[in-house]
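User: Hey, can you walk me through this one? I haven't looked at it before.

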Amino acid sequence: MASLKPAISIALAWAIALAALPSLAQAPETAPEGPTLKAIRERGHLICASSDPLPGFAQPGSDGRWTGFDVDFCRAVAVAVFNDPSRMEFLPLSGESRFALLQTGGIDLVARNAPWSMRRDTGFGASYVATSFYDGQGVLVPQTLGVVSAYELENVSICIVDEPEQLANLQEFFFTTQAAYTELLYEDREDLAVAYQAGLCNAVSAPASWLNAMRRTLPDPATHRILPERISKGAFGPVVREGDDQWFDIVQWTLFALIDAEEAGVTSLNIESLRAAKTHRIRRLLGLEGSFGPAIGLDQQFIANVIKSVGNYGEIFERNFGPATGAAVLRGQNALWSNGGLLYAPPIE
């Protein structure tokens, strides 16, 4: 029997080592803080901005509190960093492109800027992270016009901002359809609603996000229709300063997590009950498997915290563009790829 003691001792040592493995897996090593993450945590809050106030995307309430699609994304990033949506300062930026504040560290993130283009992505020391909202120039008409497609438009007067790219898009579209139309040019987008309501034109052409915001201001939004066609493409999404890969990854995977959670059916309402799920995909989203958060300097359950606080992409879209707003927007291009849209995110694995 004495000869068995070494073997027993070795077996016991292995058993102790193996028993320790689960605890090691539960406490993965967290990556060091990069410059942006470090600065945000030392400051105590995220500074997030959007290009300018636009109903549905970012608007202040009577209490001064900002709400909207862009604001909700900023809160999602604040939760990813602090597990607290209130630790976020929101700034509206006038104009389309305000990259200098990103370059100087005056802001950490722009939730929505001018549409993604090569020039903007490569020329101003800023990087577009991913697409959070697909836009494009469209056409708004009254229901009384009796059309359901832009291809039915004929002999209409169209209010449009005097901007070369938008004018070129409209002209090219009507050249394709060979239909007659008249342009009424205005300097600012705010003029479009005034002219349209006054009956100076029977249609408006502008980016669909503008049209949705304008439709909300009309006396009876349901009597006006944004036609389904887009005569240009525009991709909007968060923008960060160049040179900090960790911060780029944090913002990118916060957005991807919102999309993946919707696709997996994980919502702010059912997330607690799903902690018992055996599906690997859901367990990874909830931080019960893998070490995806610590790999980029975040909490192991940062995705679960985000979904619990602000919801998944579908919940955010519904909150800001759904029927409760009085001017519901069809998901269209912003539906999941599995539902005929363009919204797609790599898996968390």
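**Sheet and rings**

Analyst: Sure. Let's begin in the sheet, where G138 stands opposite A206 in β11. Keep in mind that this is a predicted model.

User: Okay, so how do β8 and β11 run, and how many bridges join them?

Analyst: Strands β8 (residues 137–142) and β11 (residues 203–207) run antiparallel, and four bridges join them.

User: What's the strand order in the sheet they belong to?

Analyst: The order is β10-β9-β11-β8-β12, in an open sheet of five strands with mixed pairing. At the edges you have β10 (181–186) and β12 (224–226), each of which pairs on one side only. From one strand to the next, the twist averages 25 degrees.

User: Which strands does helix α8 lie across?

Analyst: Helix α8 (residues 208–217) lies across β8, β9 (156–161), β11 and β12. Relative to β11, helix α8 runs at about 125 degrees.

User: Switching topic: how many aromatic pairs does the structure hold?

Analyst: There are 18 aromatic pairs. One of them is W116 with Y128, a stacked pair at 5.5 Å centre to centre, with 10 degrees between the planes.

User: Where do W116 and Y128 sit in the chain?

Analyst: W116 is in the loop between β5 (109–112) and α5 (118–123), while Y128 is in strand β6 (residues 126–128). The two are twelve residues apart.

User: And is Y128 buried or exposed?

Analyst: Y128 is buried, with a relative accessible area of 3%. W116 is partly exposed, at 32%.

User: Got it. Now F133 and F317: why does that pair count as stacked?

Analyst: Their ring centres are 6.4 Å apart and the planes meet at 15 degrees, so the pair is stacked. Stacking requires planes under 30 degrees apart.

User: Which parts of the chain does the F133 and F317 pair tie together?

Analyst: F133 lies in strand β7 (residues 133–135) and F317 in helix α12 (residues 313–321), so the pair ties together parts that are 184 residues apart in sequence. Both F133 and F317 are buried.

User: Which residues do ring pairs link into a cluster?

Analyst: The cluster is made of F57, F69, F133, Y313, F317 and F321.

User: Last thing: what sits over the ring of F57?

Analyst: That would be the charged end of R112, 4.7 Å from the centre of the F57 ring. There's also R189, whose charged end sits over the ring of W210, 4.9 Å from its centre.

Note on methods. Residues are numbered from 1 along each chain as its sequence is written. This is a predicted model: local features need pLDDT of at least 70, side-chain atom pairs count only at pLDDT 80 or more; totals for chains, interfaces and linings use all residues. Side-chain values use heavy atoms; hydrogens and water are left out. Rings of Phe, Tyr and Trp (its six-membered ring) pair if their centres lie within 6.5 Å; planes under 30 degrees apart count as stacked, over 60 as edge-to-face and the rest as tilted. Buried means under 20% relative accessible area, exposed over 50%, partly exposed in between (1.4 Å probe, protein chains only). A charge sits over a ring if NZ of Lys or CZ of Arg is within 6 Å of the ring centre and within 35 degrees of the ring normal. Two strands pair if DSSP finds at least two bridges between them. Axes are lines fitted to C-alpha atoms, for helices over the stretch in contact, and angles run from 0 to 180 degrees between N-to-C directions. Contact means heavy atoms within 4.5 Å.
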